[in-house]
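Here's a protein to walk through at an easy pace. Keep the sequence and the 3D view side by side as you read.

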Amino acid sequence: MSAYKMSVEPLFITPLARVDLSSCITPSEVAFTDNLKMVPNQQNLISEDLYILRCPELANMAEAISAALQHYAKEVMGVDHQLEVTQSWAQQNLPGAGLHPHAHSNSIISGSFYYTDLPDPPSRVFFDRSTAYQRLDLPPEQSRANLFNTKVNAVTPRRGELLLFPSELNHMVEANPSSETRSVIAINSFIRGTIGSFRDVSELTV
């Protein structure tokens with residue numbers, strides 16, 4: 001075999017921001033969120049109110065999440081546009097309950113905020129880079145998995161942490177293996193301002 005050299009470098013990468021907002025959580029906000037009215041939602045429970053960060057009782061939390069979104073837009077996306085929270089809701093996974101694989105429509109950046117104590121052991125969030133049906137599935141050998149060939153990655157959230165990720169990214173939550181409820185606040189967001197180009201007739205103000 002002829003000698004050769006091969007280098008491998010990334011073309012793109014999917015960003016996942018892990019923001020520590022533990023210092024921004026107040027006991028009154030935890031109590032308010034824990035006492036929201038919940039309704040059935042396929043495998044878990046979801047708050048009846050789907051705009052909870054508009055509640056004045058969660059103003060401190062909403063401000064912290066908004067600041068994190070602006071930082072993400074500027075430093076990760078590299079844009080000066082505002083990212084504004086659209087819908088926001090609470091979810092509870094009772095023992096044995098998980099969350100089916102899904103992505104978020106009509107949103108640019110989504111997030112999960114772990115505002116209160118997590119069960120032990122905590123359920124992991126699985127992110128899947130596939131966005132459509134895969135005709136060929138060639139998972140790597142476990143010992144040779146890396147950034148380039150791994151299809152699914154798991155993240156174990158921590159109390160006080162806000163996860164921010166592109167809304168089109170498929171994700172799911174494994175079944176809650178503990179005897180305690182797993183609680184989280186989820187958000188969607190969208191760009192505010194003008195995008196595109198006036199001269200290229202692609203201008204859009206939202």
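Let's start with the second largest pocket, which holds about 220 Å³ of space in what is, keep in mind, a predicted model. Its lining is made of 13 residues, and the ones nearest its centre are D137, P139, P140, N149 and K151. Sort that lining by class and you get 6 nonpolar, 4 polar and 3 charged residues.

Now over to the largest pocket, with about 480 Å³ of space. Here 19 residues do the lining, and I13, T14, R129, L147 and N153 lie nearest the centre. Two elements each give two or more residues to this lining: β7, covering 125-128, and β8, covering 152-155. Of these, which one supplies the largest share? That would be β8, with 3 residues. As for the mix of classes, the lining of the largest pocket has 12 nonpolar, 4 polar and 3 charged residues.

Those strands lead us to a sheet. β7 and β8 belong to an open sheet of 4 strands, in the order β5-β10-β7-β8, and the pairing is antiparallel. At its edges you'll find β5 and β8; each has a single partner strand, so one side of each is left without a neighbour in the sheet. From one strand to the next, the twist averages 15 degrees. If you look at β7 and β8 together, you'll see them paired in the antiparallel sense over 4 bridges. To find a spot on that pairing, look for F127, which stands opposite N153 in β8. You've met N153 before, among the residues nearest the centre of the largest pocket.

There's another open sheet to explore, and this one has 7 strands. Their order is β1-β9-β6-β11-β4-β3-β2, with antiparallel pairing. Its edge strands are β1 (17-20) and β2 (38-41), each pairing on one side only. Neighbouring strands in this sheet are turned against each other by 30 degrees on average, if you ignore direction. Helix α2, residues 59-77, packs on the sheet and touches β1, β4 (82-93), β6, β9 (161-166) and β11. Compare the direction of α2 with that of β4, and the angle comes to about 125 degrees.

Let's trace some of the pairings in that sheet, beginning at the β2 edge. β2 pairs with β3, residues 44-47, in the antiparallel sense over 4 bridges. Across this pairing, M38 stands opposite S47 in β3. The two strands form a hairpin with 2 residues between them, and Q42 in the turn has a positive phi of about 55 degrees. Carry on from β3 and you reach β4, which runs antiparallel to β3 and is joined to it by 2 bridges. One place to check this is I46, whose bridge partner in β4 is Q91. Elsewhere in the sheet, β6 (residues 109-113) runs antiparallel to β11 (residues 182-192), and 5 bridges join the two. There, I109 has S189 of β11 as its bridge partner.

What about enclosed space? A search of the whole structure for cavities of 30 Å³ or more finds 1, and about 160 Å³ of space lies in the largest cavity. It is lined by 18 residues, and Q91, L99, S112, H171 and V173 are the closest to its centre. Q91 is a familiar name, the bridge partner of I46. The elements giving two or more residues to the cavity lining are β4, β5 (99-102), β6, β7, β9, β10 (170-173) and β11. By class, the lining of the largest cavity has 10 nonpolar, 7 polar and 1 charged residues.

One last stop: charges. Side chains of opposite charge can pair when their charged atoms come close. How many salt bridges does the structure hold? There are 6 salt bridges, and one of them brings together the side chains of E161 and R18, at 2.9 Å from N to O. E161 lies in strand β9 and R18 in strand β1, so the pair ties together parts that are 143 residues apart in sequence. To place this pair in the bigger picture, go back to the sheet of 7 strands, where β1 and β9 stand next to each other in the order.

Notes. Residues are numbered from 1 along each chain as its sequence is written. This is a predicted model: local features need pLDDT of at least 70, side-chain atom pairs count only at pLDDT 80 or more; totals for chains, interfaces and linings use all residues. Side-chain values use heavy atoms; hydrogens and water are left out. On a 1 Å grid over the protein atoms alone, a cavity is a set of points where a 1.4 Å probe fits but cannot get out, and a pocket is an open set with protein on both sides within 12 Å along at least five of seven lines; lining residues have an atom within 4 Å of a point. Grid points are joined across faces, edges and corners, and a volume is the space filled by probe spheres set on the points. Ala, Val, Leu, Ile, Met, Phe, Trp, Tyr, Cys and Pro count as nonpolar, Asp, Glu, Lys and Arg as charged, and the others, Gly among them, as polar. Two strands pair if DSSP finds at least two bridges between them. Axes are lines fitted to C-alpha atoms, for helices over the stretch in contact, and angles run from 0 to 180 degrees between N-to-C directions. Contact means heavy atoms within 4.5 Å. A salt bridge is a side-chain nitrogen of Lys or Arg within 4 Å of a carboxyl oxygen of Asp or Glu.
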